[in-house]
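This report describes the fold of one protein chain, with attention to two of its helices and one of its pockets. The sequence and the model are shown first.

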Amino acid sequence: RDFIHYSSYDVETISKGIDSMILGYSYFTAELLKQFSEQGFGELIFVLLDDESREKSIIENIGTSGFVSLAESVAEKKASKQLTVTLIKSDWENFENNLEWLFSYLDNFNAKKAAAMPKHASRWVKVGSKPPIILPFLK
């Protein structure tokens, strides 16, 4: 939860800040997608832990937006029966208390079906939400 704070906002500082916040996630996601492709199946879960009440620096906002964009793009372009993608949104304070919810949500049949459909997978699920109801004729 330690965020990098920068005193100046020149191009080099912004570039380093963005790299330090999002580049690792990009590389890690690319490696996981490669591995899942080789295996023929996989489950990818992006968890956005955010404290909307806390004021963030410009670079933190850019990093968060980059992570959200990466997660949504992967869900939209890669979600399928072979690769399920789930996007979870929670606040910092309550996430550990909600792990039981997370595991039961991920085990739910409808949540698994939604995670395999790009239209549903690219939507963020707020902690505590019920899994969507997927009707066969609405696919």
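A contact here means heavy atoms within 4.5 Å. In this predicted model, residues 24 or more positions apart account for 70% of the contacts with a separation of 6 or more. The secondary structure comes to 5 helices and 3 strands, and from the N terminus on these elements run in the order α-β-α-β-α-α-α-β. Of the 139 residues in the protein, 35% are buried.

**Helices H1 and H2**

The spans of two helices can be checked against the rise of 1.5 Å a residue, and the table sets out the values for each.

| Helix | Number of residues | Expected span | Distance between end C-alpha atoms |
|---|---|---|---|
| H1 (residues 11-39) | 29 residues | 42 Å | 41 Å |
| H2 (58-78) | 21 residues | 30 Å | 30 Å |

For H1, the end C-alpha atoms lie 41 Å apart where 42 Å should be spanned at 1.5 Å a residue, so the two values agree. H1 nevertheless has a kink of about 40 degrees, centred on Ile22, and Ile22 itself belongs to the buried residues of this helix, together with Thr13, Gly17, Met21, Thr29, Leu33 and Phe36. The cover over these buried residues includes strand S1 (42-49), helix H2 (58-78) and strand S2 (83-90). After H1 comes Gly40, which has a positive phi, near 90 degrees.

For H2, the end C-alpha atoms are 30 Å apart, and this agrees with the expectation because 21 residues at 1.5 Å a residue should span 30 Å. The buried residues of H2 are Ile59, Glu60, Gly63, Phe67, Val68, Leu70, Ala71, Val74 and Ala75; Glu60, which counts as charged, is thus listed with residues such as Phe67 and Leu70. What covers the buried residues of H2 includes H1, S1, S2, H5 and S3, while H2 in turn is among the elements that cover the buried residues of H1.

**The second largest pocket**

The second largest pocket has a volume of about 160 Å³. It is lined by 13 residues, of which Tyr105, Ala114, His120, Val125 and Pro132 are the closest to its centre. Two or more lining residues come from each of S2, helix H4 (109-115), helix H5 (118-121) and strand S3 (124-126). By character, the lining divides into 10 nonpolar residues, 2 polar and 1 charged. Three of the elements named for this lining, S2, H5 and S3, also appear in the cover over the buried residues of H2.

Notes:
Residues numbered from 1 in each chain as written. Predicted model: local features only at pLDDT ≥ 70, side-chain atom pairs only at ≥ 80, totals over all residues. Heavy atoms only, no water. Helix = DSSP H or I, 4+ residues; strand = E, 2+ residues; numbered from the N terminus. Expected span 1.5 Å × (residues − 1). Bend = angle between axes of the 7 residues up to and from the residue. Buried < 20%, exposed > 50% of the residue type's maximum accessible area, 1.4 Å probe, protein only. 1 Å grid on protein atoms, 1.4 Å probe; cavity = no way out; pocket = protein on both sides within 12 Å on 5 of 7 lines; lining within 4 Å. Points joined across faces, edges and corners; volume = space filled by probe spheres on them.
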